[in-house]
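Me: Please take a close look at the aromatic pairs in this structure, and describe the residues that form them and how their rings are placed.

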Amino acid sequence: MTDIARWKRRAARKAEVKGRAQEPSHMFKMCRVVGCKHTARAGTGDGLDTRFCRPHADHYARHGSPYKRSYNATEINPYRRAAVEWLLAHKTDRWVVNAVQRVTTLYANAGQHEEAFRLRGLPPRERATKAWARLRKHKIDPLLVVAIWLAVEMIVRDDIQAVDTEEFKRVQAAKLVHRLASGSHKQWPQGLGGTKELHVYPASRGNVLRYIGKDIQEAVELLYANAKGLPVVGTASAARAAPRKLAVRRRT
């Protein structure tokens with residue numbers, strides 16, 4: 001198939017989906033979230049989602065759950081710090097070594113690094129892969145990625161109102177890794193004494209997070225299944241998620 005034929009096929013498919021999305025279906029009346037009185041998007045002419053209204057669909061895309069928000073830094077940092085310290089104390093354990101090697105392989109297989117402002121239009125799987133390339137570019141210690149999955153498993157374990165679905169845990173871990181990868185920042189002089197700046201951050205939502213989370217889970221799940229003596233985290237806050245000696249991308 002030639003590039004022109006492929007482009008025409010994609011354009012036709014896009015137009016067909018857009019037409020379906022703009023035609024409301026009366027089969028889908030209410031959002032499935034308990035207590036929500038809004039109509040599902042498929043019933044409003046604002047999309048094809050047959051389960052959720054627009055606010056809950058957006059929440060689901062960003063957080064991995066239509067009703068539970070992501071854990072904030074105050075909540076997750078004690079778990080991340082405890083996980084890092086446990087990993088440093090057990091860094092010769094074969095399961096720890098295996099998990100770190102798997103994350104290192106994700107770095108190595110991520111291909112060429114791309115700036116965040118060049119990701120627009122790429123499919124979610126490729127955007128997720130480029131996140132690993134950004135981590136490699138900025139020399140983020142793979143141990144931090146391993147610690148993130150352990151921290152998510154631990155906080156879900158301790159949360160009395162936890163959403164313990166695989167997707168929610170993947171999204172929570174992916175959001176933290178996505179933040180480690182950060183964005184692209186450029187500066188260049190312009191005019192007399194002026195400096196032009198460009199700061200671009202990739203969107204942290206949708207299938208990109210699901211792909212990143214799946215990669216993390218596959219790298220670390222054997223370690224979590226075989227880990228012994230994972231710490232019980234108290235309520236004390238941790239100002240930093242990791243010791244300063246570990247390689248973390250510094251904000252500029």
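Reply: What follows is an account of the aromatic pairs and of one charged neighbour, based on a predicted model.

A search of the whole structure finds 3 aromatic pairs, and two of them are described here, beginning with F52 and Y60. The ring centres of F52 and Y60 are 5.6 Å apart and their planes meet at 50°, so this pair counts as tilted, since planes have to be under 30 degrees apart to be stacked and over 60 to be edge-to-face. F52 is buried, with a relative accessible area of 8%, and Y60 is also counted as buried, at 18% relative accessibility, because the cut-off for that class is under 20%. Y60 has a further partner in R210, whose charged end sits over the ring of Y60 at 5.1 Å from its centre.

Another of the pairs is made by Y107 and W132, whose ring centres lie 6.3 Å apart with their planes at 40°, so that this pair, too, is tilted. Y107 belongs to helix α4 (residues 94–108), whereas W132 belongs to helix α5 (residues 124–137), and the pair therefore ties together parts that are 25 residues apart in sequence. Both rings come from buried residues: Y107 has a relative accessibility of 6%, and W132 has a relative accessible area of 1%.

For contrast with these buried residues, L198 in strand β2 (residues 195–200) counts as partly exposed at 31% relative accessibility. Together with F117 and W188, L198 forms a nonpolar patch on the surface, with about 240 Å² of accessible area for the three residues together.

Terms used: Residues numbered from 1 in each chain as written. Predicted model: local features only at pLDDT ≥ 70, side-chain atom pairs only at ≥ 80, totals over all residues. Heavy atoms only, no water. Patch = residues over 30% accessible without salt bridge, like charges linked within 9 Å, V, L, I, M, F, W, Y side chains within 5 Å. Areas by Shrake-Rupley, 256 points an atom, 1.4 Å probe, with all protein chains shown as cover. Salt bridge = Lys/Arg side-chain N within 4 Å of Asp/Glu carboxyl O. Helix = DSSP H or I, 4+ residues; strand = E, 2+ residues; numbered from the N terminus. Buried < 20%, exposed > 50% of the residue type's maximum accessible area, 1.4 Å probe, protein only. Phe/Tyr/Trp six-rings, centres within 6.5 Å; stacked < 30°, edge-to-face > 60°. Lys NZ or Arg CZ within 6 Å of the ring centre and 35° of its normal.
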